Amino acid sequence: MNEQDVTWYQNIQNGDQRALEALYDKYEKLLFSFVYKMTQNREVTEEVVQDVFLKIWTKKGMYDPSKGKFSSWLLTISRYTAIDFMRKKKDSKDFSLEERDATHVDDTSLEEEVEWKEDTKQIKQAMKQLKKDQQKVIILFYFKALSQQKIADQLGIPLGTVKGRIRLALKHLKEKLHMLEEKRGDINE
């Protein structure tokens, strides 16, 4: 867990604008890349990232350190914010993909990039250990941003089964990731 992130978050909760700027500087590029993969639209991605930081600034007590890493939580709220945003835009028929091929200069720090790639590698490794049906729902839900109902429709299975598979897959992923982290800790000692 990055204690600096948690400290910044706590300071933001107390109205410290510099802590918000520090957090923004650290994560803006990473969140942009993450959200852009979902939206494929530069303007929408910028709005989503702004919305995420606005939520952090205005809503109190959203992050609970006992429930996991700050960066994972941040990616989760970014994902849900992007999904909500795309749904609203889709409903208003205002969602444009004209900047689909726009590029974004990614100047994420080397340390963050290495950490991100390491986390990604571990998640992929843990994903491979899941059952095929669990892998499929995780990919559709987290990487393709489909709703649980759309996954159920696409796979031709009941909604409750989708929810159960996601819940089980996340439980197994958490266990696998914990085992991988312990293994990595043994290697580093």
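1. Let's start at Ser147, in this predicted model. Ser147 has a relative accessible area of 18%, so it counts as buried, the cut-off being under 20%. Its place is in the loop between α6 and α7, the latter covering residues 148–155. A polar atom of the Ser147 side chain lies 3.1 Å from the backbone nitrogen of Lys150.

2. A second serine makes a handy contrast. Ser66 sits in the loop between α3 and α4. Its relative accessible area is 65%, so Ser66 is exposed, since that word applies over 50%. The side chain of Ser66 makes a polar contact with the side chain of Asp64, at 2.8 Å.

3. Now to the helix that comes before the Ser147 loop. Does α6 have the length of a straight helix, or does it fall short? Helix α6 runs over residues 132–143, and its 12 residues should span 16 Å at 1.5 Å a residue; the end C-alpha atoms are 15 Å apart, so the two values agree. The buried residues of α6 are Gln134, Gln135, Val137, Ile138, Leu140 and Phe141. After the helix comes Ala145, with a positive phi near 60°.

4. Please look at α2 with the same question in mind. How far apart are the end C-alpha atoms of α2? They are only 28 Å apart for 23 residues, whereas a straight helix would reach 33 Å at 1.5 Å a residue. There is also a kink of about 45° in α2, and it is centred on Tyr27. You may want to view these two findings together on the structure.

5. Both ends of α2 deserve a glance. At the start, a side-chain oxygen of Asp16 reaches to within 3.0 Å of the backbone nitrogen of Arg18. At the other end, α2 is followed by Gln40. Gln40 lies in the loop between α2 and α3, and its phi is near 55°, a positive value in a residue other than glycine. With 25% relative accessibility, Gln40 counts as partly exposed, because that class lies between the 20% and 50% limits.

6. On to the nonpolar interior. Which residues touch the most other members of the largest nonpolar core? Among its 30 residues, they are Ile56 and Leu74. Four helices each supply at least two residues of this core: α1 (3–13), α2 (17–39), α3 (42–58) and α4 (70–91). Separate from it is another core, of 8 residues, which include Val137, Ile151, Val162 and Ile166. Val137 is also one of the buried residues of α6.

7. Leu74 is a good residue to click on. Beyond its neighbours within four places in sequence, Leu74 is in contact with Tyr27, Leu31, Val52 and Ile56. Tyr27 is also the residue on which the α2 kink is centred, and Ile56 shares with Leu74 the top place for contacts within the core.

8. The salt bridges come next. How many does the structure hold? There are 4. In one of them Asp5 pairs with Lys26, their closest N and O atoms being 3.0 Å apart. This pair links distant parts of the chain, with Asp5 in helix α1 and Lys26 in helix α2, 21 residues apart. Are the partners buried or exposed? Asp5 has a relative accessible area of 1%, so it is buried; Lys26, at 18%, is buried too. Both values are under the 20% cut-off.

9. Another salt bridge joins Glu28 and Lys29, with 3.3 Å between the closest N and O atoms. Here the two partners fall into separate classes: Glu28 counts as buried at 13% relative accessibility, while Lys29 is partly exposed at 22%.

10. Last, a pair in α3. The side chains of Arg42 and Glu46 meet in a salt bridge, at 3.4 Å from N to O. Both residues lie in helix α3, 4 residues apart, about one turn of the helix. An α-helix has 3.6 residues a turn, so residues three or four places apart point the same way. Arg42 is partly exposed, with a relative accessible area of 26%, and Glu46 is partly exposed as well, with 34%.

Terms used. Residues are numbered from 1 along each chain as its sequence is written. This is a predicted model: local features need pLDDT of at least 70, side-chain atom pairs count only at pLDDT 80 or more; totals for chains, interfaces and linings use all residues. Side-chain values use heavy atoms; hydrogens and water are left out. A nonpolar core is a set of buried Ala, Val, Leu, Ile, Met, Phe, Trp, Tyr and Cys residues joined through side-chain atoms within 4.5 Å. Buried means under 20% relative accessible area, exposed over 50%, partly exposed in between (1.4 Å probe, protein chains only). Contact means heavy atoms within 4.5 Å. A polar contact is a pair of N or O atoms within 3.5 Å; within protein, one must be able to donate a hydrogen and the other to accept it, and residues adjacent in sequence count only if both atoms are side-chain atoms. The expected span of a helix is 1.5 Å times one less than its number of residues. The bend at a residue is the angle between axes fitted to the seven residues ending there and the seven starting there.
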